[in-house]
Amino acid sequence: MQVIDRRKALSIPPLWRLAFRPFFLAGSLFAMLAIPLWIGAWTGLWSGFHPTGGWLAWHRHEMLFGFAMAIVAGFLLTAGQTWTGQPGVSGNRLAALAGVWLLARLGWLLGAPIGLLIVADLLFLLGVTGLMARMLWVARQKRNYPIIAVLTLMTCADVLVLCGVALSDDGLQRQGVLAGLWLVAALMAIIGGRVIPFFTQRGLGRSEAVKPWLWLDVALLVGTGLVAALYAAGVALLPNVWLGVLFLAIAIGHLLRLTRWYDAGIWRVSLLWSLHLAMLWLVIAAAGLALWNFGLLANSSAALHALSVGSMSGLILAMIARVTLGHTGRPLQLPSGIVAAFVLFNLGAVSRVFLASQWPMTGLWLATICWVLAFALYAWRYAPMLVTARVDGHPG
């Protein structure tokens with residue numbers, strides 16, 4: 001049972017009542033601006049302006065530890081209240097956490113000293129980890145302890161990136177970012193494995209959800225964690241046949257889960273096919289990296305963007321569209337324009353992964369336009385929900 005002082009909760013401005021509100025809003029707005037900034041820098045539009053560490057370091061770090069981790073923070077610190085029955089972080093503590101996140105983002109972009117960025121960036125990640133760990137510890141909810149392990153390892157990956165920026169070491173930066181990316185994939189495997197079958201069952205009115213195969217879930221979590229560790233150690237930066245076998249096994253494992261979850265009815269429900277497509281992009285990413293390690297692809301960039309753009313960001317867009325509705329007391333009916341956002345997003349992912357390999361300029365600009373429109377549609381339709389009270393009058 002949740003013990004919440006209703007009067008106190010309702011006295012908090014709506015934006016600061018639960019973590020999904022500021023972080024979904026800030027994350028989506030940041031995503032909408034960050035990719036055009038990066039493509040503009042890549043094409044030399046603002047050659048006289050450089051963020052801390054340069055544009056490549058900024059892009060690598062900020063799309064993962066800025067954008068993605070904002071959404072992860074909003075989701076986990078909100079879900080933690082439901083999982084544990086403990087009051088979620090809100091009010092001044094939430095505003096302070098969001099302020100630290102914003103300070104780090106502005107600092108990176110405006111060229112702040114690396115020392116300040118190290119403090120702000122790690123303070124945000126440690127704050128999220130500590131707040132989440134406290135909720136789980138008080139409730140003794142051991143089932144979710146692996147999430148704390150992943151968040152802790154994300155902080156370690158960020159340390160690698162920050163050290164790489166401080167030392168102007170490109171290799172360290174890549175090790176940290178790619179390790180962090182696969183740690184997010186581990187979170188996706190955990191959370192996706194729980195919610196996608198459940199959402200599919202509820203959305204289609206089926207009698208029960210597909211029961212998980214525990215051995216497969218554990219194998220995917222261990223395999224993904226191993227990939228993250230190999231990237232952190234620098235081993236996975238070079239092609240290796242055994243790594244190819246590992247990536248192929250991960251691709252097959254996720255494809256098997258998707259096959260078990262599949263129901264033809266998902267294509268009638270945009271809140272469902274968007275989730276399934278995001279996990280399919282994870283299969284494509286792992287299969288692409290297997291091919292690269294086997295020497296059958298010239299480079300790994302397309303496969304890595306299948307993971308970072310198609311899967312990670314696709315799951316983010318699909319989840320925040322659903323979670324925002326549920327946690328603001330609304331029925332699970334998408335506002336107008338959001339189905340178009342899902343379609344545009346996946347067209348952009350196809351452009352980035354496949355088209356940009358052959359026609360870089362055309363592919364990247366098309367992917368950028370689709371990305372911006374998708375997140376702009378989310379911000380347009382959902383920002384009013386995020387900054388106003390729940391429609392049912394409840395706290396949260």
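Start the tour at Ser-168, which counts as exposed at 66% relative accessibility. Ser-168 sits in the loop that links helix 6 to helix 7 (170-204), and its phi, near 55°, is a positive value in a residue other than glycine. Keep in mind throughout that this is a predicted model, and that the backbone angle at Ser-168 is accordingly a computed one.

**A second loop residue with positive phi**

Next, select Arg-140, in the loop between helix 5 (114-138) and helix 6 (145-166). Arg-140 also has a positive phi, of about 50°, although it is not a glycine. Is Arg-140 buried, partly exposed or exposed? With a relative accessible area of 47%, Arg-140 is partly exposed, because the exposed class begins only over 50%.

**The whole chain**

Now zoom out and colour the chain by secondary structure, which shows 13 helices and zero strands, so that the order of elements from the N terminus is α-α-α-α-α-α-α-α-α-α-α-α-α. The radius of gyration is 20 Å, close to the 21 Å that the globule rule gives for 396 residues, and the chain is therefore as compact as a globular protein of that length. Turned along its principal axes, the C-alpha trace spans about 60 × 50 × 40 Å.

If you display contacts, restrict them to pairs with a separation of 6 or more: residues 24 or more positions apart account for 78% of these. Switching to a surface view, you will be looking at about 16,600 Å² of exposed area, 70% of which is supplied by carbon and sulfur atoms. Colouring by charge then picks out 25 positive and 10 negative side chains, and the centres of these two sets lie 10 Å apart.

**Into the core**

Hide the surface and move inward, where 55% of the 396 residues count as buried. The largest nonpolar core has 133 residues, and the members to select within it are Phe-23, Phe-124, Trp-182 and Tyr-231, which touch the most other members. Helix 3 (residues 55-84) gives the most to this core, with 17 residues.

Centre the view on Phe-124 and show its surroundings. Which residues does Phe-124 touch, not counting those up to four places away in sequence? They are Phe-23, Met-69, Ala-70, Ala-73, Leu-97, Val-100 and Trp-101.

**A buried loop proline**

From there, go to Pro-51, in the loop between helix 2 (20-42) and helix 3. Although a loop residue, Pro-51 is buried, with a relative accessible area of 4%, because that value falls under the 20% cut-off. Leaving aside neighbours within four places in sequence, Pro-51 is in contact with Trp-58, Trp-108, Leu-109 and Gly-111. Of these, Trp-108 merits a distance label, since the C-alpha atoms of Pro-51 and Trp-108 are separated by 5.8 Å while the two residues are 57 residues apart along the chain.

**A buried threonine in helix 11**

The last stop is Thr-324, which is found in helix 11 (residues 301-327). Is Thr-324 buried or exposed? At 0% relative accessibility, Thr-324 counts as buried. Show its contacts, again without residues up to four places away in sequence, and you will find that Thr-324 touches Phe-20, Phe-24, Tyr-378, Tyr-382, Met-385 and Leu-386. To close, set Thr-324, at 0% relative accessibility, beside the starting point, Ser-168, at 66%.

Conventions: Residues are numbered from 1 along each chain as its sequence is written. This is a predicted model: local features need pLDDT of at least 70, side-chain atom pairs count only at pLDDT 80 or more; totals for chains, interfaces and linings use all residues. Side-chain values use heavy atoms; hydrogens and water are left out. Helices (H or I, at least four residues) and strands (E, at least two) are DSSP runs, numbered from the N terminus. The radius of gyration is taken over C-alpha atoms; the globule rule is 2.2 Å times the number of residues to the power 0.38. Buried means under 20% relative accessible area, exposed over 50%, partly exposed in between (1.4 Å probe, protein chains only). Contact means heavy atoms within 4.5 Å. Accessible areas come from the Shrake-Rupley method with a 1.4 Å probe; for residues, only the protein chains shown count as cover. Lys and Arg count as positive and Asp and Glu as negative; His and the chain ends are not counted. The place of a charge is taken as NZ of Lys, CZ of Arg, CG of Asp or CD of Glu. A nonpolar core is a set of buried Ala, Val, Leu, Ile, Met, Phe, Trp, Tyr and Cys residues joined through side-chain atoms within 4.5 Å.
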